Amino acid sequence: MQVAIWEVLGKRTEEDQFAVVGGLKAPDAEMALLLARETHFRHKEGVAYAVRRRGEPEVHAGTWPAEVLGGVTDRSYRRQEGYVGVGATMKRVHRQLAAKGLVIDRPRPPAGRTRSAEAERADA
Amino acid sequence: MPDEYRQAALKFIEMHANSEVMGALPEGTWIPRAPTLKRKLSLTAKVQDEVGHGQILYRVAEDLGKTREQMFDDLVNGRTKFHNVFHYPAETWGDVAYIGFLIDGAALVNQKALLDASYMPYVRAMRRICPEESLHLRHGEQLMLELVSGTAEQRDMFQDAVDRWWQPTMHFFGPPSKQKDMLIHWGIKTRTNESLRQEFFSTYVPKLWDLGVTVPDPRLAWNEEIGEWDWSEPDWDEFWRVVRGNGPMTSIRLAQRKTVWDTHAWVREVFAGMPEASAA
């Protein structure tokens, strides 16, 4: 089965140039644009999208304007903004559990350190 | 591109794609049973993302010389592998929280290391996938916090999930890397399994402890002297049994995927038969 390969292009901001962000297979430009929108831009990753059939110069621009790309209904659960406050909740729950004496206090690496440089070198 | 490199990259990326597609199944079974509409929406979106990652990665792998049809056929017929953790059942909502927080957390540790890999089309795919995995991690963290700050039954549910999933999570990073790991040699992978596992410990174990969640490894402790974590080697025989297709859910999950693959063959045929596609 031979289905055409398309490169997916996107612009993160209006000032950006189109850049290749991935690829997909589709039988025609219309389907390629639909799949590109669903697979590469449903989290509001950019303001414009387009597809180009591999080996061909013609760019087919997506018709959905920036403000509706990624959807207009409340789908914040698809984006980081839907989870704002998780870090603060973590700290609050930790304080509550500490007050109840439930947390486990054991040695741990200093903040921001995952492993010593010596151990990394020895492993490499 | 050296053929040895191409083959190694193909095998690695194909396995990654397989894992994304199979990884949608354990959580997918909880969509109808999600406790609220909000949770149902967010879990559905997450599962959609995982399948989307599979599509993106199969596209990258295809350019290395194997068709998507062949890759999927090999997957559903048990000829190729997928990650060990997706061979296990998701028994409770606590498992959904565990998968979202700690399996996605483990995956993110692995995948962020791939942003420096040597095969640029794969790196480009990872640039697309990592932000979504980071979102999934937030989602999982929120689920986990709800349980650990809830009733005693909810806390027990999450603790039970940790107890059952910890060993598979240790397996997830793989056995200690060989002295000459070809994937690292070629830059397809950039860090050893042990380095990634240690990063996982440092990132997530303190968080679990802060919430009073225990880890079922009595030896697990930060060793200040050597600057890394001491831990117990898991049962590697089980790891090999599972990844060779003998996990508790392997045959059921493959049968699910195979059924859909077979019954939806007509969709692929329609696509391939469209005039534009024929001219390609």
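This is a short tour of a two-chain structure, with suggestions for what to select at each stop. Keep in mind as you look around that the model is predicted.

**Stop 1: the sheet in chain A**

Start by selecting the strands of chain A and colouring them one by one. You should find an open sheet of four strands, in the order E2-E1-E3-E4, with antiparallel pairing. Which strands stand at the edges? Look for strand E2 (19–25) and strand E4 (59–61) of chain A: each has a single partner strand, so one side of each is left without a neighbour in the sheet. Turn the view a little and you can follow the twist, which averages 30 degrees from one strand to the next. As a bit of background, strands of a sheet pair through backbone hydrogen bonds, either parallel or antiparallel.

**Stop 2: strand E1 and its two partners**

Now pick strand E1 of chain A, residues 5–11. On one hand, six bridges join E1(A) to E2(A), and the two run antiparallel. To see a matched pair here, click A:Leu9 and look for A:Val20 in E2(A), which stands opposite. On the other hand, E1(A) is joined to strand E3 (residues 48–53) of chain A by six bridges, again with an antiparallel run. The pair to click this time is A:Gly10 and, opposite it in E3(A), A:Tyr49.

**Stop 3: a look at A:Lys11**

Stay in strand E1 of chain A and select A:Lys11. Is A:Lys11 buried or exposed? Neither label quite fits: A:Lys11 counts as partly exposed because it has 18 C-beta neighbours inside 10 Å. Show the residues around it next. Setting aside neighbours within four places in sequence, A:Lys11 is in contact with A:Asp16, A:Phe18, A:Gly46, A:Val47 and A:Ala48. Then add A:Ala66, which is 55 residues away along the chain, with 9.9 Å between its C-alpha atom and that of A:Lys11.

**Stop 4: the domains of chain A**

Zoom out and colour chain A by its domain assignment: domain 1 covers 5–61 and domain 2 covers 73–104. How many Å separate the centres of the two domains of chain A? Taken over C-alpha atoms, the answer is 36 Å.

**Stop 5: chain B as a whole**

Switch to chain B, where you can pick out twelve helices and two strands. Walking from the N terminus on, the elements run α-α-α-α-α-α-α-α-β-β-α-α-α-α. The C-alpha atoms fill a box of roughly 60 × 45 × 30 Å along the principal axes. A compact globule of 280 residues would have a radius of gyration near 19 Å, and chain B agrees with its 19 Å. Buried residues make up 43% of the 280 residues in chain B. Of the contacts in chain B with a separation of 6 or more, 74% are between residues 24 or more positions apart.

**Stop 6: where the chains meet**

Finally, show both chains and select the contact between them, which takes 47 residues from chain B and 41 residues from chain A. Several elements of chain B each supply at least two residues to the side that touches chain A, including helix H2 (37–62), helix H8 (193–210) and strand E1 (221–223). Which element gives the most? Select H5(B), with eleven residues on that side. Colour the chain B side by residue type and you get 18 nonpolar, 14 polar and 15 charged.

Methods. Residues numbered from 1 in each chain as written. Chains lettered and ligands numbered in written order. Predicted model: local features only at pLDDT ≥ 70, side-chain atom pairs only at ≥ 80, totals over all residues. Pairing = 2+ DSSP bridges. Axes fitted to C-alpha atoms, helices over the stretch in contact; angles between N-to-C directions. Domains from an automatic or database assignment. Contact = placed C-beta atoms within 7 Å. Nonpolar A, V, L, I, M, F, W, Y, C, P; charged D, E, K, R; others polar. Rg over C-alpha atoms; globule rule 2.2 N^0.38 Å. Buried ≥ 20, exposed ≤ 12 C-beta atoms within 10 Å, placed from the backbone.
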